[in-house]
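User: Could you take a close look at one part of this model for me? I'd like to understand the place where the two chains meet, and what sits behind it in each chain.

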There are 2 protein chains.
Amino acid sequence: MSMDDGKKVVYINKDKLIDYCCSIFTGAGMVKEEAVIVADSLVHADLAGMESHGVIRVPVYVKRIENKGTFAQSTLEIIKESDTTALIDGHNGMGQIISGKAMDLCIRKAEKQGVAFVGVRGSNHFGMASYYSEMALKHGMIGMVFTSPAALLMAPTGGIKPILDNNPFSFAIPSGEELPVVLDMATSVVSRGKIGVAAKKGEKIPKEWAMTIDGYETEDPAAAFNGILLPVGGYKGYGLTVIVGILSAVLTGGSILSTDIKDFYTDVSEKQNIGHLFGAVKIDRFIDLNTFKKHMDEMIREIKNCKKAPNVEEILLPGEREFKNAAKYEVTGIPVPIQVYQDLDKLGQRLNIGFLRAVVL
Amino acid sequence: MSMDDGKKVVYINKDKLIDYCCSIFTGAGMVKEEAVIVADSLVHADLAGMESHGVIRVPVYVKRIENKGTFAQSTLEIIKESDTTALIDGHNGMGQIISGKAMDLCIRKAEKQGVAFVGVRGSNHFGMASYYSEMALKHGMIGMVFTSPAALLMAPTGGIKPILDNNPFSFAIPSGEELPVVLDMATSVVSRGKIGVAAKKGEKIPKEWAMTIDGYETEDPAAAFNGILLPVGGYKGYGLTVIVGILSAVLTGGSILSTDIKDFYTDVSEKQNIGHLFGAVKIDRFIDLNTFKKHMDEMIREIKNCKKAPNVEEILLPGEREFKNAAKYEVTGIPVPIQVYQDLDKLGQRLNIGFLRAVVL
């Protein structure tokens, strides 16, 4: 056991963590080939340092499966298809399985046609959006992912009721010698999780992060946590979230209206009907791939060499911190907060797959 | 002459304003068929209430043409083409002409193939991005526009030198009985123009808008105007601007590095080599268009009916204010600030096309 950023953590080897989570998911009824993908996607987030999208979610995934809110078996149905497009119904299977197959189909179509979009409905939480956009990188493509409301966290500008989500989206773009550029962002200034952390520490938060549930300014993290997240850039972030919601849910037939949106954590026996949109653009249809990569490297280097503010050690490109965290944690093991570790340990015991502590200690 | 928001303005009939600007552009060497398109795009921005992208730009357009920074004749060359993609070199012609033709080509390809992207290099300022994304609406398509650096206004997060632009982008999405949803945003919290207005009025600005050229916090609009714009949501807006820059410039061969970027206003004899990317997605490849429109209307109505903050009269969707301004100004005439009116008047006199005042008074 050790300390990481002041939190008590256990460092766990990546492969062991994937194996253990995979066993949990098979214990909960998934087939092994699919369980390993879901486990890998969650551990991928922990490797990137995005703990909120990592193995911390394993217990609620299992809870949703056990309560039939999410089905352990994924039976994809292609509703509509052309050379450049497809619409898939995930029939309430695991988000990662549906999304991996959808992005794979999208890439195969873009390989032939240069450009493709694949929409999905009837899906569930899929982990980090960049897990799928990054699949395009090795094919010399730009990958895009848009995902739709799964919780009621934000209000439209001028509104004071949370009827929108901070819908995440991602763009992944290959480079040459430098790291790829990967944007993966939600449309709120910060996540609800970050406000929760401030609440636990009893720290005041900037009033740009959230408002109270009644629409008042607040620096109180508890009021903010139970309040309404504020969008990036005010009406601009509100606009972005509407667009991402339309692309991923209205275009696909996913849940759109606040009355249709079931909460991931609390409505565990209800189908969420999450929609996603995956896109891929083959770079050499526009410009020679090597030229593109060379120009990417030049751009990246110019940005990294920008004059720095005092106390700034390094300027990072989108996604760079996550790639560097992953490289570090591959070596050191992944820092898993003690509470998350204990929850997994307990879950493993209940599902008769043995203790996590037996694996890591 | 009248007052609008405290500014002295002249109300000018839309068609008369287009005709007059068209005459100015033909006087500067453009052919009539193209001059009318450029004039229409600028007046379109004024109609929308986006004065900064409107006829206020006519004098600098003419100055750039006269100094050969932009060519009056647009000779497009298709460098690369497939059923779903194209790359066009605009050979430094007028941005509006190149962009209109590029988006038109993109829509024709998406009509057949469901999805298309058309990239452009060698272009110039094209007015409002939504002028082109909105072209997709009547074809039952979602339109997308991304455009690339044309000025050095922002720094990467952690940096204190303006080496990036607040690259705008737009998504336009059709609806049924409600107005279409049109997002058209730059990646900075506010435009430099808005800071300029505060400077003229001598008003303090929020410190979230910009920093000084040396990277310090500021509420002084003069220091901010000559400083560095701040991105929406901090590192998120920085990430967005990098992605929009890559899609529009690295993918197309437009200017990327800060050393290659020529300023629209000051480098009037230098080619800017602006890149754009236009995209179109045919909705009925995914979902029946009427169902889509019905769901759009439902979503729009839910948002508009959200509980309002005190003093908020109406909740608006992205683009709604602009559509409503246009409807109003079609009737009242377009409020043109007196200074802009006088500059156009003077320019018309110099180009021997007569006085604007003769047209409107």
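Analyst: Here's a walk from the chain-chain contact into the sheet behind it, and then out to the other domain.

Keep in mind that this is a predicted model. Let's begin with the contact itself: chain A puts in 61 residues, and chain B puts in 61 residues as well. On chain A's side, six elements each supply at least two residues: the strands β4 (85-89), β5 (115-123), β7 (169-173) and β8 (181-185), plus the helices α8 (235-250) and α9 (289-304). Of these, α8(A) gives the most, with eight residues. By class, the side of chain A that touches chain B has 37 nonpolar residues, 16 polar ones and eight charged ones.

How do the two copies relate to each other? A turn of 180° with a shift of 0.0 Å along the axis lays chain A on chain B, and the RMSD of that fit is 0.0 Å. The two copies are therefore related as by a two-fold rotation axis. The same surface does the job in both: 100% of the contact residues of chain A recur in chain B.

Now for the sheet in chain A, which holds several of those contact strands. Seven strands make up an open sheet with mixed pairing, and their order is β3-β4-β5-β11-β6-β7-β8 in chain A. At the edges are β3 (77-81) and β8 of chain A, each pairing on one side only. From neighbour to neighbour the strands of this sheet are turned by 15° on average, ignoring direction. Helix α8(A) packs on the sheet, where it touches β6 (141-147), β7 and β11 (274-282) of chain A, and its direction makes about 100° with that of β11(A). So much for the helix; at the β8 end of the sheet, β7(A) and β8(A) run antiparallel and are joined by five bridges. If you want a spot to click on, A:Ala172 stands opposite A:Val182 in β8(A).

Over in chain B, the seven strands of an open, mixed sheet again come in the order β3-β4-β5-β11-β6-β7-β8. Its edge strands are β3 (77-81) and β8 (181-185) of chain B, and the twist averages 15° from one strand to the next. Further in, β6 (141-147) and β11 (274-282) of chain B pair antiparallel over seven bridges, with B:Gly143 having B:Ala280 in β11(B) as its bridge partner. Helix α8 (235-250) of chain B lies across β6, β7 (169-173) and β11 of that chain, at about 100° to β11(B).

What else does each chain contain? For chain A, the domain assignment gives domain 1 (1-66 + 322-361) and domain 2 (71-188 + 231-305). The C-alpha centres of these two domains of chain A lie 24 Å apart. Where they touch, domain 1 of chain A brings 17 residues and domain 2 of chain A brings 13. On the domain 1 side, α2 (32-47) and α3 (58-66) of chain A each supply at least two residues, and α2(A) has the largest share, seven residues. That side counts 10 nonpolar, four polar and three charged residues.

One last stop is a helix pair in chain B: α3 (58-66) packs against α11 (338-350) at an angle of about 35°, with the axes 9 Å apart. There, B:Val58, B:Pro59 and B:Val62 in α3(B) meet B:Asp343, B:Leu344 and B:Leu347 in α11(B). The residues of that contact split into five nonpolar, no polar and one charged.

How values were computed. Residues are numbered from 1 along each chain as its sequence is written. Chains are lettered from A and ligands numbered from 1 in the order in which they are written. This is a predicted model: local features need pLDDT of at least 70, side-chain atom pairs count only at pLDDT 80 or more; totals for chains, interfaces and linings use all residues. Two residues are in contact if their C-beta atoms, placed from the backbone, lie within 7 Å. Helices (H or I, at least four residues) and strands (E, at least two) are DSSP runs, numbered from the N terminus. Ala, Val, Leu, Ile, Met, Phe, Trp, Tyr, Cys and Pro count as nonpolar, Asp, Glu, Lys and Arg as charged, and the others, Gly among them, as polar. Two strands pair if DSSP finds at least two bridges between them. Axes are lines fitted to C-alpha atoms, for helices over the stretch in contact, and angles run from 0 to 180 degrees between N-to-C directions. Copies are superposed by least squares on the C-alpha atoms of residues with pLDDT of at least 70 in both. Domain bounds come from an automatic or database domain assignment.
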